2 protein chains.
Amino acid sequence: MSGAGQVKKANADSGAKPDAPRRSLAFAAGAPIYRIGAPGLAWRVERGSVRLDADGHSSEACFASLSLPGDIIGSESMLFGSYAFSASALTHCELSPWPEGAPAAEGNSLLRSLAASQRRAAELVALRGGEALKRVTGLIRIMAGAVSEDCTANVVLPTRKDIADITALRLETVSRIIKHLERSGMLHPVRVEGVHATRSFAVNFSQFAG
Amino acid sequence: MSGAGQVKKANADSGAKPDAPRRSLAFAAGAPIYRIGAPGLAWRVERGSVRLDADGHSSEACFASLSLPGDIIGSESMLFGSYAFSASALTHCELSPWPEGAPAAEGNSLLRSLAASQRRAAELVALRGGEALKRVTGLIRIMAGAVSEDCTANVVLPTRKDIADITALRLETVSRIIKHLERSGMLHPVRVEGVHATRSFAVNFSQFAG
DNA sequence: CGCATTTTTGATACACGTCAATCTCCGTGG
DNA sequence: CCACGGAGATTGACGTGTATCAAAAATGCG
């Protein structure tokens with residue numbers, strides 16, 4: 001979603017040995033990664049965030065899942081030969097082919113990604129109920145990842161529209177809430193090269209309620 | 001949840017050969033199946049519906065997932081040795097140990113249950129956004145399972161409270177919507193032995209909007 | 001038959017959705 | 001360098017779909 005991101009794909013480590021398989025691919029925020037029904041590989045999200053969309057019966061994509069670093073996406077193609085969801089980059093992200101090692105003897109790896117998938121699904125479910133403020137702060141916490149000792153972290157958020165789709169709110173509501181969090185001092189806009197000024201924040205978790 | 005269901009467990013096929021492993025276990029509506037943190041097996045839902053709950057930081061369980069016939073639950077215990085969610089019966093249900101065959105060489109089976117888990121998660125996400133009426137009819141459609149040629153099926157629904165937890169609505173809202181569906185002729189109460197009169201319906205899908 | 005649980009119904013309030021205008025940020029081209 | 005235009009974000013005013021609170025009715029069970 002989020003309209004206009006150009007399809008800038010790039011090989012992340014172009015300096016690698018020529019015979020080695022590609023290590024990872026980078027996608028700009030908003031860029032499509034793969035489309036439902038298309039054939040392709042499974043991927044591991046190395047950095048950034050990815051949005052999965054199910055088949056909205058018309059052309060409008062409907063949000064299905066969120067994937068963060070460590071998550072596996074597109075594994076259904078190993079079974080069906082094609083993707084069951086569309087994927088697009090919520091923020092700048094890097095993916096690497098999965099599984100990386102031997103294709104067999106990965107039973108435990110599958111089990112791990114199954115467990116991870118279920119935990120992520122439970123988090124998503126939680127993000128779509130309860131009051132709007134908690135949904136948005138919940139998403140921010142999940143996307144922030146590692147938090148330093150002083151309860152501080154940096155986040156790059158998706159567009160307001162994408163946050164709205166994830167939390168089942170409206171973009172205007174999300175905008176109001178994020179502005180409110182800024183004014184409360186929980187979020188500080190941070191300018192990062194190449195990232196929209198409205199999407200990169202320093203978060204102060206000590207002020208978070210939950 | 002739905003409070004009071006007693007813990008009536010029973011071996012479903014008590015007449016089986018004595019040396020054969022247990023085939024399946026039955027649970028009454030509302031009965032707890034296993035608790036988060038406890039050790040145990042993975043199960044396949046054969047009939048009925050199961051609710052999974054994550055760790056609500058106080059004692060109140062918070063809805064995490066819904067499992068229907070064919071779904072695998074508790075597979076995380078194969079990895080961690082204990083359950084990551086609590087499970088309880090939404091309706092009368094039967095479970096059988098999983099995997100049933102040889103414990104190894106199940107790679108494909110894991111892949112299938114991973115794909116199924118992701119599809120189910122996407123359905124759940126869809127049930128928690130949009131207008132209340134569509135959420136409830138969406139859940140009814142999912143729980144109805146097989147639909148006959150004349151667009152008719154039978155469903156046994158969970159309590160209003162459980163439906164509310166699944167759809168992120170309030171129990172009063174759910175009650176109003178179901179009554180509305182009854183009066184519109186989309187739902188007909190059906191009395192079934194052993195099931196609460198307010199939870200068993202014949203559904204007429206031809207009158208459903210979506 | 002009487003109690004506990006679940007469901008239904010009503011009245012009212014508010015959080016969020018909706019509609020619409022404006023503003024900021026950026027890239028593009030004159 | 002500045003005018004222009006588009007995408008995303010912000011803000012305001014207003015409406016409404018659900019939540020909330022409260023009480024009665026139905027259902028199931030001992």
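**Two chains and a few odd backbone spots**

Okay, let's start at A168(A), which sits in the loop between helix 4 and helix 5 of chain A. By helices and strands I mean DSSP runs, H or I over at least four residues for a helix and E over at least two for a strand, numbered from the N terminus. Phi of A168(A) is near 60 degrees, so to speak on the positive side for a residue that isn't glycine. For background, most residues other than glycine have a negative phi, and most peptide bonds are trans.

Quick housekeeping. This is a predicted model, where local features need pLDDT of at least 70 and side-chain atom pairs count only at pLDDT 80 or more, while totals for chains, interfaces and linings use all residues. Residues are numbered from 1 along each chain as its sequence is written, chains are lettered from A and ligands numbered from 1 in the order in which they are written, and side-chain values use heavy atoms, with hydrogens and water left out.

Now, which peptide bond of chain A is cis, with omega near -5 degrees? That's the one from W98(A) to P99(A), and P99(A) lies in the loop between strand 9 (93–98) and helix 2 (107–127) of chain A. In chain B, the bond from W98(B) to P99(B) is cis with omega near -5 degrees, and P99(B) is in the loop between strand 9 (93–98) and helix 2 of chain B.

Back to the helices around A168(A). In chain A, helix 4 (residues 160–167) and helix 5 (residues 171–183) have axes that come within 8 Å and cross at roughly 105 degrees. The axes are lines fitted to C-alpha atoms, for helices over the stretch in contact, with angles from 0 to 180 degrees between N-to-C directions. Helix 4 and helix 5 of chain A are therefore roughly perpendicular, the word for 65 to 115 degrees (under 35 is roughly parallel, over 145 roughly antiparallel, the rest oblique). On the helix 4 side of chain A the contact (heavy atoms within 4.5 Å) includes I163(A) and A164(A); on the helix 5 side, V174(A) and I178(A) are among the residues.

Over in chain B, helix 3 (residues 132–144) packs on helix 5 at about 70 degrees, with the axes 10 Å apart. That makes helix 3 and helix 5 of chain B roughly perpendicular. Here A132(B), L133(B), V136(B), T137(B) and I140(B) of helix 3 meet T173(B), I177(B), I178(B), H180(B) and L181(B) of helix 5. That contact splits into seven nonpolar, three polar and no charged residues. The bins: Ala, Val, Leu, Ile, Met, Phe, Trp, Tyr, Cys and Pro are nonpolar, Asp, Glu, Lys and Arg charged, and the others, Gly among them, polar.

Next, charges. Over all chains there are 18 salt bridges (a side-chain nitrogen of Lys or Arg within 4 Å of a carboxyl oxygen of Asp or Glu). One to look at is R51(B) with D165(B), closest N and O atoms 2.9 Å apart. R51(B) is in strand 5 (residues 50–54) and D165(B) in helix 4 of chain B, so the pair ties together parts 114 residues apart in sequence.

Last, the interface. How many salt bridges does the rule find across the interface of chain B and chain A? Zero. There are two residue pairs in polar contact, both at pLDDT 80 or more; that term means N or O atoms within 3.5 Å, one able to donate a hydrogen and the other to accept it within protein, with sequence neighbours counted only if both atoms are side-chain atoms. The largest share of chain B's side, 15 residues, comes from helix 2 of chain B. By class, that side has 16 nonpolar, seven polar and four charged residues. The contact takes 27 residues from each of chain B and chain A. About 2400 Å² is buried between them, carbon and sulfur atoms giving 71%, where buried area is the accessible area (1.4 Å probe) that two parts lose on being put together, summed over both.
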